[in-house]
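Work through the exercises below with the sequence and the model open beside you. Try each task yourself before you read its solution.

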Amino acid sequence: MGNHNVDWHAFGDLKDAAGQGNYGAVIRRVRQILGLGQREFADRCGLSQAALSRLENRGGRGGYDMDILARVATAAGLPHDLVGLAHPTGGEGPVLRRDLLTAAAAAAVPLLPGATPHHTPDEPGILRQVTSAYRRLDATTPSRDLAEAAHPHLRLIQTLTARTTDPAHHQRMSAAASEAASFTAWLAWDTADHGSARHWYGTAITTAQHTGNELLTAYQLGSLASFDAETGHPHTALRRIEGARRQFTGPLPPLAAAWLASIEALAHAAGQDHAACDRALTACARHTGRIPQADPAAWPWIFTFDERKLSACRLACAARLPHSPRIRITDHDLTTAVTGGHDKQRALITLNAATTHLTRDRDPEAAFALATRALHAGLRLSSGRVADRARIFRRTAGRHGTAGGYADEFDTLLHTAYL
C-alpha cells in the first residue's frame, strides 16, 4: 500500500496537524487522500477497524502508541516525522547518535538566548524520541555513562514543563517528563543506587498522574512494583500492583494484565508464597495467550510480552523458589527465555537459568558455566543488577560450588567486581 511517490509534506493540513501533535488527524487525512475506508485501511495496516477509529479520533490528547504510528506510516509510505517519530534505522550506530543529537539540539532551542519563550508543539515528541534513543543505547552502554546524559535531559524536560501554560501541552510534556524520570530510575537501579531509584520512580508516578493517562500511571506504578519485588519488599510490591490495576476504568488490556501478573508472580516468589506465585503465573500465561488477538496497548514506550517473557518470568520465580514443586521449568523455557533481549536482560535471565541447572538438573558445572558467562557480560556493562543477581546465585549454589573450573572463575569475578 505504500505510496512513496506522494509528496506528503506538500499537504499543508497534514503539516499543520502534525505540528499540533494531532497525529490522529494526520492519519485520518492520509486515509482520505488514499481514498480508503476505515476497514480497508486498517486491514492494510494490520489493525482492527476499532483500533484505527480510536487512533483517528484521539486528537492531540494523551500519548500515542509509537508502534502503531510507525506501522501506519510504513504501510502508507508516510514520512515518520509527520506522526512524531524519528526515521527508523537499522541499528544503533552513527545514524542513531546523529538522530539523538539532532533531537536534543531541537529540544534545547527554547532555552537558547534570544529564542522565543513560546513552546513548539512538537516539543514532547522530540523529547520522547531522545528518551527512546537513550533506552536503545542502554543495551550496549553502561548505566553510569548513560546517567550523565539522562539527568540533564530530565532536568530540561522538567524546566520546559514548568514554563508551559497551555493545559493540553502541559499534559503531553508531563508524559514526556514521567517517561524520562522512569528511565532515570532504571539507570539508578542498575548502578545499585536504590535510594535514587525509588525517588525517581516516585517522581515518574506523580508526574504521570498529571497527564490523565491511566496506562502511563499504571505502567509507572508497575515499574516501581517490579523494583520493590526484586529488592526485598514483596508486600509493598503487591500493594502497588493493585494500585496499578485500579487505574483502569475498564478491563485491563491483555498486555497490561500479563505484565502486571508477571510482577505479581515475582513478588509472591520473593515472599516465598508458592501457591500464590503459581496462580499468578497461570494468570500471566492466560493473558499472554490473549495478546495477539487484542488491540496493542499504548504503553509509554513499546515492548512485547510474549512466550519468551513468560518463560523468563517462570525462570525468575523458580530461582527464588528453587524447591517449589509447583513451578515446572521445561527445556523449552530454558532455551526460549535466553533468546532475544539485550545483553543486560540476557545476563539476568541466564543467571536464573543457572539456578535451575543447580536445583533441577543437579549440574553445578553447567550452572557455573552459565553464571560465569552472564557475570562477564554484567561486568562489561557495569550492571549492578547483574552483580546482585550473581551474588544471589552464589548463595543458592552454596555447597554445590566445587573447587576448580568455572566455579573458581566465577568466584574470582564476583570477588573482584568493582561496579
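A residue counts as buried when its relative accessible area is under 20%, as exposed when it is over 50%, and as partly exposed in between, with a 1.4 Å probe and protein chains only. The model is predicted, so local features need a pLDDT of at least 70 and side-chain atom pairs count only at pLDDT 80 or more, while totals for chains, interfaces and linings use all residues. Residues are numbered from 1 along each chain as its sequence is written, and side-chain values use heavy atoms, with hydrogens and water left out.

**Exercise 1. Find the loops that hold A192 and Q272, and describe the backbone and accessibility of each residue.**

Step 1. Helices are DSSP runs of H or I with at least four residues, strands are runs of E with at least two, and both are numbered from the N terminus. A192 lies in the loop between α9 (167-190) and α10 (194-208), and Q272 in the loop between α13 (254-270) and α14 (274-290).

Step 2. Most residues other than glycine have a negative phi. A192, however, has a positive phi near 65 degrees, and Q272 likewise has a positive phi of about 65 degrees although it is not a glycine.

Step 3. A192 has a relative accessible area of 43% and is therefore partly exposed; Q272, at 44% relative accessibility, also counts as partly exposed.

**Exercise 2. Check the length of helix α20 (residues 405-416), and work out how its buried residues are placed.**

Step 1. The expected span of a helix is 1.5 Å times one less than its number of residues. For the twelve residues of α20 this gives 16 Å, and the end C-alpha atoms are 17 Å apart, which agrees.

Step 2. The buried residues of α20 are A407, F410, L413 and L414. They cover an arc of only 130 degrees around the axis, taken from the directions from the helix axis to the C-beta atoms, so they are on the same side of α20.

Step 3. This fits a general rule: an α-helix has 3.6 residues a turn, so residues three or four places apart point the same way.

Step 4. On the other side of α20, G405, H415 and T416 are exposed. The cover over the buried residues of α20 includes α18 (364-380) and α19 (384-397).

**Exercise 3. Explain why C284 and C313 do not form a disulfide.**

Step 1. A disulfide is a pair of cysteine sulfur atoms within 2.5 Å. The cysteine sulfur closest to that of C284 is in C313, and because the two are 5.1 Å apart, they are too far for a bond.

Step 2. C284 is buried, with a relative accessible area of 0%, and a search of the whole structure finds zero disulfides.

**Exercise 4. Describe the surroundings of D228.**

Step 1. D228 is found in helix α11 (residues 214-230) and is buried, with a relative accessible area of 0%.

Step 2. Contact means heavy atoms within 4.5 Å. Leaving aside neighbours within four places in sequence, D228 is in contact with R198, H233, P234, T236, A237 and R240.

**Exercise 5. Which helix has the lowest mean pLDDT, and which the highest?**

Step 1. The pLDDT is the predictor's confidence in each residue, from 0 to 100. The chain averages 81, and 80% of the residues score at least 70.

Step 2. Among the elements of the chain, helix α6 (residues 94-108) has the lowest mean, 43, and helix α12 (residues 234-245) the highest, 96. Over residues 87-119 the pLDDT is below 50.
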